[in-house]
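Here is a walk through one protein model, from a sheet to its cores and hollows. Have the structure open as you read.

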Amino acid sequence: MVKRPSKPLLNSQEAPVRGQPRRRRDPAQPFLQLDPMPNRIEPCLALLKQKPPVGAQWAFEIKWDGYRVAVHLDHGSVRIVTRGGHDWTDRFPAIAAAARKLGVGSAIIDGEAVVLDDQGRSDFGALQQSLGGRGGTKTSDASVLMAFDLLYFDGHDLTKTELASRRHLLEGIVPAGSQGAIRLSEEVDADGATLLAAACEHGLEGIIAKDKDSPYRSGRGGDWIKIKCIQSDTFAVVGYERSTAARAGIGALLLAGLKDGKLVYVGSVGTGFKESTAWRLREALDKIVSTKPPIEYGGRRKDVVWVSPRLFAEVEYRAWTHDGKLRHASYKGLRDKADAADLYEIE
């Protein structure tokens, strides 16, 4: 038997249910404030590890090889900002056009501008060529943005929000399976070791692991981890060996990394040069010839031309020798200043 309340909810059961009368809004009281859109957010960077992490908190994606950019959308206005803080909106017209069609009032999308080959793999050399090389002024219609994070949306700063929620919002803007100039870098439902093996088998750069519970923190704090199939890093070009048989007369580039803030010779790279890029590289080298080496050099190469360390080469390699030199190195291209890539630091 249901027990009835001893008193009715209202004095008169016919009277309508009403809450307290609404007071008029005080004009001096502000509305809920929105977060101002930041002009730039320093990117979160991935920490290099040899093995993928294990645990339910880690989400995994493919590692893309291109230029890190942030796409700023502000009610029809679009800016594409490089990692170094340069406005490259005009350099990526297809990405900018696609951003305007997203139907978003305000947002900052974090991602990687890449050029894909016919297998869907990012090709850094093709990206460089589409932009006209380091210091080039070409526009890249072939570039695609692989979007992987959302830092600001609809007037709200999301950097303190956990990654899982940011990704959920991003997927509402850039749906999975999109094939335009802005695509989602999809999370892969697999453990890290399995995904890494598959990525290496298909000739990909590697994978990225991200802590799903982490906020967006600028710098290399360990919330994001990168695991590479083939080692690829950025080195300073400190000279080249002249050769009458090689393209553009460049027998090999002499490279240096950083150790305790000082440039240290790490060997050379003599393969991977294409005819067109080699001549552009030689032209850039001839402008920065130096009368003395910028490093301590005890090597045996002859006819070396030293240069000021103003050019930064992306180089693939398989391993290091016992005396700290690169093994099986291959030249991929020059990094642009706007990309602000980290120079390799020797432990």
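## A strand in the middle of things

Why is strand 10 largely enclosed by the rest of the structure? Before getting to that, bear in mind that this is a predicted model. As for strand 10 (224-228), five of its five residues are buried, so the rest of the structure largely encloses it.

Both faces are covered, too: Trp224, Lys226 and Lys228 are buried on one side, and Ile225 and Ile227 are buried on the other. That split fits a general pattern: in a regular strand, side chains alternate between the two faces of the sheet.

## The sheet around it

Strand 10 sits in an open sheet of four strands, ordered 1-10-9-2, with mixed pairing. Strand 1 and strand 2 are the edges, each pairing on one side only.

The "mixed" part is easy to trace at strand 10. With strand 9 (206-211), strand 10 pairs in the antiparallel sense over five bridges. With strand 1 (47-48), the pairing is parallel and runs over two bridges. If you want to follow the register, Gly206 stands opposite Lys228 and Ile208 stands opposite Lys226. On the strand 1 side, Leu48 stands opposite Lys226.

## The largest pocket

Now for the open spaces. The largest pocket has a volume of about 1000 Å³. Its lining has 42 residues, and the closest to the pocket centre are Ala46, Arg220, Lys226, Lys228 and Asp233. Two of those names should ring a bell: Lys226 and Lys228 are buried on one side of strand 10.

The four strands of the open sheet, 1-10-9-2, turn up again here: strands 1, 2, 9 and 10 are among the elements that each supply at least two lining residues, along with strand 3, strand 11 (231-242) and strand 14 (304-317). Strand 11 has the largest share, with four residues. By class, the lining splits into 17 nonpolar, six polar and 19 charged residues.

## The second largest pocket

The second largest pocket has a volume of about 900 Å³. It has 39 lining residues, and Phe124, Gly125, Gln128, Lys332 and Gly333 lie nearest its centre. Helix 2, helix 5 (275-286), strand 14 and strand 17 (330-335) each give at least two residues to this lining. Strand 14 is also a contributor to the largest pocket. The class count here is 13 nonpolar, eleven polar and 15 charged residues.

## Two nonpolar cores

On to the packing. In soluble globular proteins, nonpolar side chains tend to be buried together. In this model the largest nonpolar core has 31 residues, and Val71, Ile80, Phe92, Ile95, Ile109, Leu145 and Ile182 have the most contacts inside it. Elements giving two or more residues to this core include strand 3 (67-74), strand 4 (77-82), helix 1 (93-100) and helix 2 (124-130). Apart from this core lies another, of 25 residues, among them Phe235, Leu253, Val315 and Leu326.

Phe92 is worth a click. Leaving out residues up to four places away in sequence, Phe92 touches Val69, Ile80, Ala113, Leu127, Leu131, Ser140 and Ser143.

## One closed cavity

How many cavities of 30 Å³ or more are there? The count comes to one, and about 90 Å³ of space lies in it. Among its 13 lining residues, Ile41, Pro43, Ala70, Val81 and Thr82 are the closest to the centre.

Strand 3 and strand 4 are the elements that give two or more residues to the cavity lining, and strand 3 gives the most, with four. By class, the lining has seven nonpolar, two polar and four charged residues.

Technical notes. Residues are numbered from 1 along each chain as its sequence is written. This is a predicted model: local features need pLDDT of at least 70, side-chain atom pairs count only at pLDDT 80 or more; totals for chains, interfaces and linings use all residues. Side-chain values use heavy atoms; hydrogens and water are left out. A nonpolar core is a set of buried Ala, Val, Leu, Ile, Met, Phe, Trp, Tyr and Cys residues joined through side-chain atoms within 4.5 Å. Buried means under 20% relative accessible area, exposed over 50%, partly exposed in between (1.4 Å probe, protein chains only). Contact means heavy atoms within 4.5 Å. On a 1 Å grid over the protein atoms alone, a cavity is a set of points where a 1.4 Å probe fits but cannot get out, and a pocket is an open set with protein on both sides within 12 Å along at least five of seven lines; lining residues have an atom within 4 Å of a point. Grid points are joined across faces, edges and corners, and a volume is the space filled by probe spheres set on the points. Ala, Val, Leu, Ile, Met, Phe, Trp, Tyr, Cys and Pro count as nonpolar, Asp, Glu, Lys and Arg as charged, and the others, Gly among them, as polar. Two strands pair if DSSP finds at least two bridges between them.
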